[in-house]
Amino acid sequence: MTDKWLGTPPDVIIPRLRSLLGDLEKLAELNHFAGVEAAVTIRNCMLAQRSVPCLIGEMLDHPHIKNGPGITSELFYLDRKRRMARTLSRWYRFDEGFFI
């Protein structure tokens with residue numbers, strides 16, 4: 001995988017993330033479901049899981065995970081040259097390299 005944006009160009013993913021953030025902020029502050037009129041109907045619905053890109057490795061000084069093995073939230077940006085990554089919740093740096 002050589003694309004830093006993991007297959008979705010920044011001009012596509014950034015507006016989508018802003019839209020998600022805006023909807024969640026409205027819901028949290030005003031208890032308002034923005035855009036619900038345009039919601040897609042789903043029948044016979046059930047909760048499921050799917051694979052998303054993430055990082056696993058030894059965490060050091062993570063605010064919520066004790067030092068040791070851990071897994072990140074969904075990965076949105078990866079720059080191997082700068083040894084940096086951005087997940088849904090925070091930035092990570094690779095002090096001892098990146099392995100595939």
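Two residues are taken to be in contact when heavy atoms of theirs lie within 4.5 Å. By this criterion, and leaving aside neighbours within four places in sequence, Leu75 of the predicted model is in contact with Leu6, Pro53, Cys54, Leu55, Ala85, Arg86 and Thr87. Three of these partners, Leu6, Leu55 and Ala85, belong together with Leu75 itself to the largest nonpolar core, which has eight residues and is completed by Met59, Leu78, Tyr92 and Phe94.

The protein as a whole has one helix and five strands, and the helix precedes the strands, the elements running α-β-β-β-β-β from the N terminus on. Of the 100 residues in the protein, 17% are buried. The exposed surface of the protein amounts to about 8,800 Å², of which carbon and sulfur atoms supply 56%. Among contacts between residues at least 6 apart in sequence, 25% join residues at least 24 apart.

Strands S3, S4 and S5 form an open sheet, in the order S3-S4-S5 and with antiparallel pairing. The edge strands of this sheet are S3 and S5 (91-93), each of which pairs on one side only, and the twist from one strand to the next averages 15 degrees. In general, the strands of a sheet pair through backbone hydrogen bonds, in either a parallel or an antiparallel manner. Here, S3 is joined to the antiparallel S4 by four bridges, while three bridges join S4 to S5, which likewise run antiparallel. Within the first of these pairings, Leu75 stands opposite Thr87 in S4, a residue that is also listed among the contacts of Leu75. Within the second, Ala85 stands opposite Tyr92 in S5, and both Ala85 and Tyr92 are members of the largest nonpolar core. Although S3 lies at an edge of the sheet, this strand is mostly covered, five of its five residues being buried.

S3 and S4 form a hairpin with four residues between them. Arg83, found in the loop between strand S3 (75-79) and strand S4 (84-87), has a positive phi of about 60 degrees although it is not a glycine. With a relative accessibility of 38%, Arg83 counts as partly exposed. A second residue other than glycine with a positive phi is Asp61, whose value is near 60 degrees. Asp61 is found in the loop between strand S1 (56-59) and strand S2 (68-71), where this residue is exposed, with a relative accessible area of 69%. Such values are noteworthy because most residues other than glycine have a negative phi.

The structure holds one salt bridge, in which the side chains of Arg82 and Asp79 meet at 3.9 Å, N to O. The two partners differ in their surroundings, since Asp79 is buried, with a relative accessible area of 3%, whereas Arg82 is exposed, with a relative accessible area of 64%. Asp79 falls within the span of strand S3 (75-79), whose five residues are buried.

Technical notes. Residues are numbered from 1 along each chain as its sequence is written. This is a predicted model: local features need pLDDT of at least 70, side-chain atom pairs count only at pLDDT 80 or more; totals for chains, interfaces and linings use all residues. Side-chain values use heavy atoms; hydrogens and water are left out. Helices (H or I, at least four residues) and strands (E, at least two) are DSSP runs, numbered from the N terminus. Buried means under 20% relative accessible area, exposed over 50%, partly exposed in between (1.4 Å probe, protein chains only). Accessible areas come from the Shrake-Rupley method with a 1.4 Å probe; for residues, only the protein chains shown count as cover. A nonpolar core is a set of buried Ala, Val, Leu, Ile, Met, Phe, Trp, Tyr and Cys residues joined through side-chain atoms within 4.5 Å. A salt bridge is a side-chain nitrogen of Lys or Arg within 4 Å of a carboxyl oxygen of Asp or Glu. Two strands pair if DSSP finds at least two bridges between them. Axes are lines fitted to C-alpha atoms, for helices over the stretch in contact, and angles run from 0 to 180 degrees between N-to-C directions.
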